[in-house]
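The following note sets out numbered remarks on the structure shown below. Each remark takes up one topic.

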Amino acid sequence: MTLAATGLAAANPGFLSPSGVEIAFLLVGLVTLGAAVVTVTTRQLVHAALWLVMTLGGLAVEYLLLTAEFIAWVQVLIYVGSVVVLLLFGLMLTKAPIGRSPDADSGNRPVALAVALAAAAALVWVVVDAFRTTWIDLDGPAQGSTKVSGEILFRHWVLPFEALSVLLLAALVGAIVLSRKNAKEARD
């Protein structure tokens with residue numbers, strides 16, 4: 001490499017010279033991907049829920065690395081804090097087995113793998129197609145900032161957010177109803 005090329009590469013860091021944040025993003029992404037794979041492949045329901053906590057926590061760290069602090073804390077509070085706790089309560093209230101569960105494997109792994117790969121390919125295609133010609137102005141206001149995210153959330157996403165909260169409430173009420181039926185049947 002010539003001296004001019006070395007000076008040019010130092011002045012314009014690019015894909016081949018990643019920063020510490022980019023390396024951390026990649027490492028956390030790999031750990032999160034591994035946790036997600038273990039979440040869907042484990043046969044123990046409680047372990048799957050705990051691996052889901054790690055997966056969702058890893059996504060929150062990724063949001064922090066992308067300087068989207070508001071979205072990261074929403075991820076922690078709503079998904080890690082509420083959804084997983086609701087899932088664990090549902091497992092406890094329905095008396096799901098703690099250890100290995102033979103019911104957790106239906107034998108449709110090849111079909112599930114094909115559907116997962118097709119969904120992943122469709123998602124990658126949609127994201128690449130949607131942002132192919134998009135230019136992001138890095139000198140403008142930060143897109144992940146609390147102000148921008150809050151304005152978008154409360155302007156465009158209030159109804160889906162409230163619908164999700166009603167859905168979670170219905171799931172919790174359903175788990176309580178199922179557990180009360182089992183308790184009543186045990187007394188009879």
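1. The loop residue. Thr-67 lies in the loop that joins helix 3 and helix 4. The model is a predicted one, and in it Thr-67 takes a positive phi of about 60° just after helix 3. This positive value occurs in a residue other than glycine. As a general matter, most residues other than glycine have a negative phi. With a relative accessible area of 46%, Thr-67 is classed as partly exposed, because the buried class ends at 20% and the exposed class begins over 50%.

2. Overall content. The protein chain contains seven helices and zero strands; read from the N terminus, its elements run α-α-α-α-α-α-α. Of the 188 residues in the protein chain, 15% are buried. The exposed area of the protein chain is about 14200 Å², and carbon and sulfur atoms supply 73% of that area. When contacts between residues at least 6 apart in sequence are considered, 70% of them join residues at least 24 apart.

3. Packing of helix 3 on helix 4. Helix 3 covers residues 45–65 and helix 4 covers residues 69–93; their axes come within 8 Å and cross at roughly 175°. Helix 3 is therefore roughly antiparallel to helix 4, since angles over 145 degrees are assigned to that class. On the helix 3 side, the residues in contact include Leu-45, Ala-49, Leu-52, Leu-56, Ala-60 and Leu-64. On the helix 4 side, they include Glu-69, Ala-72, Gln-75, Tyr-79, Val-84 and Leu-91. The residues of this contact divide into 19 nonpolar, two polar and one charged.

4. Helix 3. How far apart are the end C-alpha atoms of helix 3? They are 30 Å apart, which agrees with the span of 30 Å that 21 residues should give at 1.5 Å a residue. The buried residues in helix 3 are Ala-48, Ala-49, Thr-55, Leu-56, Gly-58, Ala-60 and Glu-62. Helix 2 and helix 4 are among the elements that cover the buried residues of helix 3.

5. Helix 4. This helix has 25 residues, and the distance from its first C-alpha to its last is 34 Å, close to the 36 Å expected at 1.5 Å a residue. Ala-72, Gln-75, Ile-78, Val-84, Leu-86, Gly-90 and Leu-91 are its buried residues. Of these, Ala-72, Gln-75, Val-84 and Leu-91 also appear among the residues of helix 4 that meet helix 3.

6. Thr-32. Which residues does Thr-32 touch, not counting those up to four places away in sequence? They are Thr-55, Gly-58 and Leu-59. Thr-32 has its place in helix 2, residues 20–41. A relative accessible area of 8% makes Thr-32 buried, because this value is under 20%. Two of its partners, Thr-55 and Gly-58, are buried residues in helix 3.

7. Val-74. Is Val-74 buried or partly exposed? Val-74, which lies in helix 4, counts as partly exposed because its relative accessibility is 27%. Val-74 and Ala-60 are separated by 14 residues in sequence, and their C-alpha atoms are 8.4 Å apart in space. Ala-60 is itself one of the buried residues in helix 3 and one of those that meet helix 4.

Technical notes. Residues numbered from 1 in each chain as written. Predicted model: local features only at pLDDT ≥ 70, side-chain atom pairs only at ≥ 80, totals over all residues. Heavy atoms only, no water. Axes fitted to C-alpha atoms, helices over the stretch in contact; angles between N-to-C directions. Helix = DSSP H or I, 4+ residues; strand = E, 2+ residues; numbered from the N terminus. Parallel < 35°, antiparallel > 145°, perpendicular 65-115°, else oblique. Contact = heavy atoms within 4.5 Å. Nonpolar A, V, L, I, M, F, W, Y, C, P; charged D, E, K, R; others polar. Expected span 1.5 Å × (residues − 1). Buried < 20%, exposed > 50% of the residue type's maximum accessible area, 1.4 Å probe, protein only. Areas by Shrake-Rupley, 256 points an atom, 1.4 Å probe, with all protein chains shown as cover.
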